Amino acid sequence: MSEDSADQKRWYVRNAGTSSEPTFIHPTADVSPLAKIGAGTQVWNWSQIRERAVIGRDTIIGQMTYIGVEVVIGDRCRVMPKTAIDTGTVIGSDVFIGPHCLFPNDTTPRAWSTRDMQGVRWYVEDGVSFAADVIVLPDVSVGHHAFVAVRAIVNKDVPPHALMIGTPARRHGWVSTAGHPMHMVRETDAGDLYVCPRTGEEVLILQEWKEGRWRPAALKATARS
Ligand SMILES: CC(C)(COP(=O)(O)OP(=O)(O)OC[C@H]1O[C@@H](n2cnc3c(N)ncnc32)[C@H](O)[C@@H]1OP(=O)(O)O)[C@@H](O)C(=O)NCCC(=O)NCCS
């Protein structure tokens, strides 16, 4: 096969579905034949998608990004350039991951040993945003629609709708689904009711979120909860 036709083969439609757009894989991207890439998803220059990774539909994987073995990423996500997501991470849909973000998976790395990742999973729920240069340490989950600010290092589970800033990341209020800081309207038995000043959305901030007892829905039914 000539070099030209080998290149053309890399631009083909994989796993064609019902999305109006075909899957796009840049010729310089290295996508394992064992990875599954959804319809409408784009994988850009020099990125690597490892074996058995699963990426949903209409997601964009930016340049020079590394997606580890068996990583799961949902639909309509934006993964900006130079990000590395290691084995063990399961990411929902509509998640924004800014440039240079890191999701390492080895708590005590040594050059001569690696952690056994068999069965290990932690979760980023739907609608979360990570700004540029965020590091999410191993075994940490992030609740839906949380917002993690530039350069934060996340070392503990983050409850839904939390705004996290700093190193280590601490909660500085709550944000709406649209990502705007909200203010409290009133306390209720179940938690505090917050409203978004821009969209009018009301969000009930549960007591368990405030007290750090939140666990991702996907883990609640398992022994890790
Ligand atoms: C979360 C974010 C929106 C907050 O920005 P902001 O509205 O300017 O923040 P505020 O004015 O509410 O700041 C509150 C306090 O936190 C500080 N602060 C804000 N963002 C901070 C950050 N990322 N790291 C450390 N401190 C921060 C502010 O200096 C301020 O401190 P002060 O009360 O002592 O004055 C911003 O930090 C951010 O991450 N934006 C996303 C940018 C990005 O990466 N986009 C994607 C690129 S493709």
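**Ligand shell, strand pairing and nonpolar core in a predicted model**

The residues of the shell around the ligand divide into seven that are nonpolar, two that are polar and one that is charged. In this predicted model, the ligand is surrounded by M80, G98, P99, A131, A132, A149, V150, R151, I165 and G166. One of these residues, G166, recurs in the turn of a hairpin formed by strand 20 and strand 21, where four residues separate the two strands and G166 has a positive phi of about 100°.

The protein as a whole contains three helices and 24 strands, and buried residues make up 35% of its 225 residues. Among the contacts with a separation of 6 or more, 19% are accounted for by residues 24 or more positions apart.

Nine of the strands form an open sheet with mixed pairing, in the order 1-4-7-10-13-16-18-20-21. Its edges are strand 1 (24–25) and strand 21 (170–174), each of which pairs on one side only. Within this order, strand 7 (residues 60–61) and strand 10 (residues 78–79) run parallel and are joined by two bridges, with I60 standing opposite R78 of strand 10. Further along, strand 18 and strand 20 pair in the parallel sense, again over two bridges, and here F147 stands opposite L163 in strand 20. The pairing of strand 20 with strand 21, by contrast, is antiparallel and comprises three bridges; in strand 21, R171 is the bridge partner of M164.

The largest nonpolar core holds 47 residues, of which V134, A146, V148, V154, M164 and W174 touch the most other members. Two or more residues are given to this core by each of strand 15 (122–124), strand 17 (135–136), strand 18 (147–148), strand 20 (162–165) and strand 24 (202–206). In soluble globular proteins, nonpolar side chains tend to be buried together. For V134, when residues up to four places away in sequence are not counted, the residues touched are G98, C101, V148, A152 and V154; of these, V148 and V154 are themselves among the core members that touch the most others, while G98 belongs to the set of residues surrounding the ligand.

Two further regions illustrate opposite ends of the burial scale. T89, placed in strand 12 (residues 89–91), is classed as buried because 24 other C-beta atoms lie within 10 Å, where 20 or more suffice. With its neighbours within four places in sequence left aside, T89 is in contact with V71, F103, W122 and V124. T89 also lies 6.7 Å from V72, C-alpha to C-alpha, although the two are 17 residues apart in sequence.

Strand 22 (residues 183–187), on the other hand, lies largely in the open, because the number of buried residues among its five is zero. This strand pairs with strand 23 (residues 191–195) in the antiparallel sense over four bridges, and the bridge partner of E187 in strand 23 is D192. Strand 22 and strand 23 together form a hairpin, with three residues between them.

Terms used:
Residues are numbered from 1 along each chain as its sequence is written. This is a predicted model: local features need pLDDT of at least 70, side-chain atom pairs count only at pLDDT 80 or more; totals for chains, interfaces and linings use all residues. A residue is buried if 20 or more other C-beta atoms lie within 10 Å of its own, exposed if 12 or fewer, and partly exposed in between; C-beta atoms are placed from the backbone. Two residues are in contact if their C-beta atoms, placed from the backbone, lie within 7 Å. Two strands pair if DSSP finds at least two bridges between them. A nonpolar core is a set of buried Ala, Val, Leu, Ile, Met, Phe, Trp, Tyr and Cys residues joined through C-beta atoms within 7 Å. A residue is near a molecule or strand if its C-beta atom, placed from the backbone, lies within 6 Å of it. Ala, Val, Leu, Ile, Met, Phe, Trp, Tyr, Cys and Pro count as nonpolar, Asp, Glu, Lys and Arg as charged, and the others, Gly among them, as polar.
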